[in-house]
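Reader: I should be grateful for a close look at one part of this model, with its surroundings described in some detail. Please select a single element and explain how it is placed among its neighbours.

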Amino acid sequence: MDRTTLAHALETGRITGEVATPRENNLSHIHRFLAQEKQFDFGVELTQDWDYDSVFAVMVDRCGLRPETDFVEGVDTISTERCIDSLETLATAIGDVTRAGGEILFATGHPAGLLPVHMAIAAAAEAHGARITHQANAVPVPDLGGDCRQINRVWTWHQHGGTPHTHLAEPMHALLDDITRRGDQAPDLIVADHGWAGAASSRGLRTLGYADCNDPALFVAEAQEAIEVTVPLDDDVVPYLYEPLITYVLDKAGLG
């Protein structure tokens, strides 16, 4: 699949281009991130001084928000070109670690949207020689309740019989702490989103992330060079719409 075909699919599915997340939500989340509210900080450790203007500039540059500072309400955007460039960086990293026989941990805080993306890429990586971080038992999350559970190679947070959408960092910290307690080495690569990616990056692990236009934390982490790449995209469209994206990543990674 070429870039033009993927770009058309992304914009038709409203994964990029004009997306469903409204401008007012995007701007509000910048303020809430700066206030370091739970569910908005994603566990990202701030190593630089940030204010509203500097975070807004990062979101314009790295995500593709509309640049007009006086545009405060209406339809906002995600850059299609930036998304594809970031997908290519992500694909290269996954392909390189896979061919080296390295270990990759896949995790999602958005099971209804991104779980199938992670599942498909994890399955292909394992089939081509990567080791996928695995634990047969559920891992308790003491600070939240519930536990971390793996669904088809991808870690999720489970609570009350479901796998909720979460931005929280605690599940990833619990999982990484469990890996340490068992005496295992940390994975060579983390591929995740939301607080799973933010927590991994704050612990100095090599991390690739996906983030929506109302999720500034991971783009700030990328700007601080704590995350290798953050892919901008709408993270909650109907899952089948991500199929062209999956195909593109697997082709670019050499895992197709």
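Author: Thr247 belongs to helix α9, which covers residues 243–253. The model is a predicted one. With a relative accessible area of 35%, Thr247 is partly exposed, because that class lies between the limits of 20% for buried and 50% for exposed. Thr247 also illustrates how the fold brings distant parts of the sequence together: Leu6 is 241 residues away along the sequence, yet the two C-alpha atoms are 9.2 Å apart in space.

The element chosen for the closer look is strand β3, residues 103–107. Five of the five residues in β3 are buried. The covering applies to both faces: Glu103, Leu105 and Ala107 are buried on one side, and Ile104 and Phe106 are buried on the other.

Three strands pair with β3, and each may be taken in turn. Strand β4, residues 131–132, runs parallel to β3, and two bridges connect them; within this pairing Ile104 has Ile132 as its bridge partner. Strand β8, residues 189–193, is likewise parallel to β3, with three bridges between them, and here Leu105 faces Ile190. Strand β7, residues 154–158, is joined to β3 in the parallel sense by two bridges, and Ala107 is partnered by Trp155.

The path from β3 to β4 includes a helix. Together, β3, helix α5 (residues 115–127) and β4 form a β-α-β unit that is right-handed. Helix α5 contains 13 residues, and the distance from its first C-alpha to its last is 18 Å, close to the 18 Å expected at 1.5 Å a residue. Its buried residues are Leu115, Val117, His118, Ile121, Ala122, Ala124 and Ala125. In an α-helix there are 3.6 residues a turn, so residues three or four places apart point the same way; the pairs Leu115 and His118, His118 and Ile121, and Ile121 and Ala125 in the buried set have such spacings. Immediately after α5, Gly129 adopts a positive phi of about 115 degrees.

Within β3, Leu105 merits particular attention. Apart from neighbours within four places in sequence, its contacts are Thr133, Trp155, Met172, Leu175, Ile179, Pro187, Leu189, Ile190 and Val191. The largest nonpolar core has 42 residues, and those touching the most other members are Leu105, Trp155, Met172, Leu175 and Trp196. At least two residues of this core come from each of α2 (23–34), α3 (52–62), β3, β7, α6 (170–181), β8, α7 (194–202) and α8 (216–223). A separate, second core comprises 40 residues, including Leu189, Tyr210, Leu233 and Ile246. In soluble globular proteins, nonpolar side chains tend to be buried together.

Two loops adjoining elements already named deserve a note on backbone geometry. Most residues other than glycine have a negative phi. Asn152, in the loop between β6 (147–151) and β7, departs from this tendency with a positive phi near 50 degrees. Glu225 is not a glycine either, and its phi is also positive, at about 65 degrees. This residue sits in the loop between α8 and β10 (229–232). Glu225 counts as exposed because its relative accessibility of 73% is over the limit of 50%. By contrast, Glu103 in β3 is buried.

Key: Residues are numbered from 1 along each chain as its sequence is written. This is a predicted model: local features need pLDDT of at least 70, side-chain atom pairs count only at pLDDT 80 or more; totals for chains, interfaces and linings use all residues. Side-chain values use heavy atoms; hydrogens and water are left out. Buried means under 20% relative accessible area, exposed over 50%, partly exposed in between (1.4 Å probe, protein chains only). Helices (H or I, at least four residues) and strands (E, at least two) are DSSP runs, numbered from the N terminus. Two strands pair if DSSP finds at least two bridges between them. A crossover is right-handed if, with the strands pointing away from the viewer, the path from the first strand over the helix to the second runs clockwise. A nonpolar core is a set of buried Ala, Val, Leu, Ile, Met, Phe, Trp, Tyr and Cys residues joined through side-chain atoms within 4.5 Å. Contact means heavy atoms within 4.5 Å. The expected span of a helix is 1.5 Å times one less than its number of residues.
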